[in-house]
Amino acid sequence: MSAAPRPERLATSAGDRARSADDGTVADLLERARVIARDVAAVYAVEVDREARFPAECLAALKREGLLSAVVPRSLGGAGLSLGEVATICTILGRACASSAMIYAMHVIQVESIVNHRGDVPELDDYLRAVVREQRLIASVTSEVGAGGDLRRSITHVASEPDGGFRLEKAATTSSYCEHADDLLLSARRSADAAPNDQVLVLLPRGDFELHDVGDWNTLGMRGTCSPPARVVGRGADWQILPTPFRDVAAATMVPTSHTLWAAVWLGLAEDACDRARRHLQAKSRKDPDACAMAASRLATLATRLGSMRAMLDRELAVYEARARTDAEAAAEPAAVLATNDLKIAVSEGIVDVVHGAMQVIGIEAYKNEGPLSLGRHLRDAHSAALMINNDRIRSTNADLLLVYKGGLARERA
Ligand SMILES: Cc1cc2nc3c(=O)[nH]c(=O)nc-3n(C[C@H](O)[C@H](O)[C@H](O)COP(=O)(O)OP(=O)(O)OC[C@H]3O[C@@H](n4cnc5c(N)ncnc54)[C@H](O)[C@@H]3O)c2cc1C
């Protein structure tokens, strides 16, 4: 870790908070993540993938080491890690088991959304203290049957109960690890007569929701995320509806943190594929250096590609860190939206090329489903990235923006 003093974060308009972690805490948490990745996530990755089962051992270890509250501000008992720091944890885990890493990333996105948009609701502060104390795992339910991956449109609505509180019911297309989560964070229309994009985020702690009609999750990849369709029936008190409109939560936090943390996971996956190729090539070149020139050149190209994706990620992380957490207006600027979306598209498509390239470097041993050089799981996991909010949807948003946007595309360095 650098010994240079860390700059204090910019305060958010929520009036937050002693949030920055000190260098010792950051180094300690990153080291815990490395140990979990090596001793737990990597050990069970093949079994988790083969059986399409929840990576219970890894999540138990993350809970034990306090990593589920990494982004909760220190003022509420959390570690106060920055998005860049948790992105590093996502990459570390992604190198070992992409399903475990994606579950961690999705959880952090939910925590960050509550932290940034909880307003002055004391019950939400108490809830975040419980996340720290009990290391509660939060799942996300934004996708919906009929709306697909259109984050900004809901069919289901929050129905007020006559004696206070609410009820709701939502059919999700894809609900990762909901059966294993402590709590859900779910998007819905504000009321029965609200427009499809007049949405709120609703927190449903365990006990306030039931899962029905849970379908199968027998997919090509990301099998450990356990993300079947399901119907969620929930009820609760009014404080469980976040005070910030979902439009602003999505713009300021949910979309930028999703695109950055997902990219961090995917880069970890691709880095591991390249590392397997590199180790294989180094061993081979010791025996027969002449036979490796073509493959080494291919590997160098893959490393360049990884480097440019990493640079895009670092830039988006810096942009996120530099603005106030609740500044939906800045986040919704066309240049900002285009850049965040570009990161998602570039990394989700780039990693498929990189893993495929690493397979070509290694050869048949990578094509096998088993063995230390197998890249089957990596390739199958990598193909989920373009579907996780379909790239065509994201491209069409960018296309619409480019047709009307009058400003330049250049953004100043964060
Ligand atoms: C591993 C994994 C885990 C996930 N976990 C969760 C989770 O926990 N919670 C959650 O809510 N979601 C989750 N998702 C996201 C969710 O699965 C998808 O975004 C959502 O289900 C979309 O489903 P779809 O692809 O069938 O539908 P669509 O998004 O409707 O896409 C279907 C097709 O229609 C096209 N299409 C539709 N509308 C447009 C448009 N306007 N412009 C261009 N093309 C369009 C798409 O390009 C695509 O070809 C996860 C996804 C993956 C891969």
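Reader: How far apart do the C-alpha centres of domain 2 and domain 3 lie?

Author: This is a predicted model, in which local features need pLDDT of at least 70, side-chain atom pairs count only at pLDDT 80 or more, and totals for chains, interfaces and linings use all residues. Residues are numbered from 1 along each chain as its sequence is written. The domain assignment (bounds come from an automatic or database assignment) gives domain 1 (23–137), domain 2 (140–240) and domain 3 (246–404). The C-alpha centres of domain 2 and domain 3 are separated by 28 Å.

Reader: Which strand gives the largest share of the side of domain 2 that touches domain 3?

Author: The contact (C-beta atoms, placed from the backbone, within 7 Å) takes twelve residues from domain 2 and eleven residues from domain 3. Helices (H or I, at least four residues) and strands (E, at least two) are DSSP runs numbered from the N terminus. The largest share of the domain 2 side, three residues, comes from strand β5 (residues 199–205).

Reader: Which residues come nearest to the ligand?

Author: The shell around the ligand draws at least three residues from each of domain 2 and domain 3. At least two residues each are supplied by β1 (138–141) and α12 (391–404). A residue is near the ligand if its C-beta atom, placed from the backbone, lies within 6 Å of it. Of the 24 residues around the ligand, those that come nearest are G148, G149, T174, S176 and D392.

Reader: Which helix gives the most to the largest nonpolar core?

Author: A nonpolar core is a set of buried Ala, Val, Leu, Ile, Met, Phe, Trp, Tyr and Cys residues joined through C-beta atoms within 7 Å. The largest one has 124 residues, and W266 is among those with the most contacts inside it. Leaving aside neighbours within four places in sequence, W266 is in contact with G94, V347, S348, I351, A382 and A385. With 19 residues, the helix that gives the most to this core is α6 (residues 246–287).

Reader: At roughly what angle do the axes of helix α3 and helix α7 cross?

Author: L83, G84 and A87 in α3 meet L313, L317, Y320 and E321 in α7. Axes are lines fitted to C-alpha atoms, for helices over the stretch in contact, and angles run from 0 to 180 degrees between N-to-C directions. The axes of α3 (residues 83–96) and α7 (residues 293–322) come within 9 Å and cross at roughly 145 degrees.

Reader: Why is L313 classed as buried or exposed?

Author: L313 lies in helix α7. A residue is buried if 20 or more other C-beta atoms, placed from the backbone, lie within 10 Å of its own, exposed if 12 or fewer, and partly exposed in between. Because L313 has 24 other C-beta atoms within 10 Å, L313 is buried.

Technical notes: Contact = placed C-beta atoms within 7 Å.
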